[in-house]
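User: I would like to learn how to read contacts in a model. Can you take me through a case, step by step?

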Number of protein chains: 2
Amino acid sequence: MKPRTIGVAAREAGVNIETIRYYQRIGLIEEPPKPDAGFRLYPESTIERIRFIQRAKALGFSLNETTRLLELEDGRCEQTRELAESKLAVINTKIEDLSNMAAVLTEHIKCCQSNTDNQACPLISSLSSESLVVDDSSGN
Amino acid sequence: MKPRTIGVAAREAGVNIETIRYYQRIGLIEEPPKPDAGFRLYPESTIERIRFIQRAKALGFSLNETTRLLELEDGRCEQTRELAESKLAVINTKIEDLSNMAAVLTEHIKCCQSNTDNQACPLISSLSSESLVVDDSSGN
DNA sequence: CTTGACTCTGTACTATAGTACGGAGTTTAT
DNA sequence: ATAAACTCCGTACTATAGTACAGAGTCAAG
């Protein structure tokens, strides 16, 4: 096993080195202490943290929001319950929206298969009702 | 009923005027023809399209990806089935990830209530396995 | 028939999330 | 022991998604 220096860590996490440095600069992940000899070494937990950040981004969370989500990771009930509740509400709305889109797409694909051809795909109206979830991105 | 000029449209869609112009510039929405007298008027369908774009953004789709989603709206089976299938796969992965996060948060909140205090909240590991969904954003 | 609110066009600026790169130091493979 | 590959640090650049604003035109209410 070769030591997990930043380059190895980046490959494992599927991001590039500069992204790791960037996350360190903005305080999203910790920079490991510089050892007396040799290069900084990155623990497994940091790799997982980075992967989580990437996934959260793909789910529409900004880095600020993701920072709040990560506070839940090791926060304690007193401070985090309210946050957990509000994030849960956001997540449930996202799930609902995505489920509606999935239903429309599934229907569309079925129509295509049964060859009742030239079926439209009313995706827009799948998300018609009032939101809650349209971009705050400040993380609060 | 006052005519739906750009300012009214922006208020209805919940974005600002410049955003509408920006979407027009990049071809995401059509610019209504300029009438011989008076200002451009925006149809209801454009408002819905803008709202859809905002929701899609909150669900982690880039404007490029959203452009592809909107092609499904009035595209026909021959051209769109493959696209629909790949978008459905992406959406289902997002739903799975969000559901896992929701489960962890729900559990966390329950623990807090039953006062078994100082429960951690293993959000990171809720998204542990291999993805599929980590940011392409080119829309393909 | 003028004043205040709005539109139109174009250009410039901003925030977020990275990427790239130069130059110096460190490590490792030969 | 030296070259190739990597780390470190700082600064600068980029893409995406808007925002802001100046200056000219248009509209509608008093």
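User: Which helix gives the most to the surface near DNA strand C?

Analyst: Start with the caveat: this is a predicted model. A residue counts as near the strand when one of its heavy atoms lies within 4 Å of it. On that basis, H2(A) gives the most to the surface near DNA strand C, with 5 residues.

User: Which helices each supply at least two residues of that surface?

Analyst: Both chains take part. Chain A has helix H2 (17-25) in this role, and chain B has helix H1 (6-13) and helix H2 (17-25).

User: How many residues surround DNA strand C, and which are the closest?

Analyst: The count is 20. The closest are A:Tyr23, A:Gly38, B:Thr5, B:Gly7 and B:Arg40. Next, look at the DNA side. Of the atoms of DNA strand C that come within 4 Å of the protein, 73% belong to sugar and phosphate.

User: What is the make-up of the surface by residue class?

Analyst: Sort the residues near DNA strand C by class. The split is 8 nonpolar, 6 polar and 6 charged.

User: Which atoms of the protein lie 2.7 Å from a phosphate oxygen of DNA strand C?

Analyst: A polar contact is a pair of N or O atoms within 3.5 Å. Check whether the protein atom is side chain or backbone. For B:Thr5, a polar side-chain atom sits 2.7 Å from a phosphate oxygen of DNA strand C. For B:Arg40, a polar backbone atom is at 2.7 Å from a phosphate oxygen. A:Gly38 also uses a polar backbone atom, 2.3 Å from a phosphate oxygen of the strand.

User: Now the protein interface. How many residues does each chain bring to the contact, and what area is buried?

Analyst: Read the residue count, then the area. Chain A brings 54 residues and chain B brings 54 residues. About 5100 Å² is buried between the two chains, and carbon and sulfur atoms give 69% of that area.

User: How many salt bridges and polar contacts cross the interface?

Analyst: The rule finds 2 salt bridges between chain B and chain A. One of them joins the side chains of B:Asp97 and A:Arg55, at 2.8 Å from N to O. Polar contact across the interface comes to 12 residue pairs, both residues at pLDDT 80 or more.

User: Which helix of chain B gives the most to the side that touches chain A?

Analyst: List the contributors before ranking. Helix H3 (44-58), helix H4 (63-74), helix H5 (77-113) and helix H6 (123-126) of chain B each supply at least two residues. H5(B) gives the most, with 23 residues. By class, this side of chain B has 26 nonpolar, 14 polar and 14 charged residues.

Methods
Residues numbered from 1 in each chain as written. Chains lettered and ligands numbered in written order. Predicted model: local features only at pLDDT ≥ 70, side-chain atom pairs only at ≥ 80, totals over all residues. Heavy atoms only, no water. Polar contact = N/O pair within 3.5 Å; in protein donor to acceptor, adjacent residues only side chain to side chain. Helix = DSSP H or I, 4+ residues; strand = E, 2+ residues; numbered from the N terminus. Nonpolar A, V, L, I, M, F, W, Y, C, P; charged D, E, K, R; others polar. Contact = heavy atoms within 4.5 Å. Buried area = accessible area lost by both parts, 1.4 Å probe. Salt bridge = Lys/Arg side-chain N within 4 Å of Asp/Glu carboxyl O.
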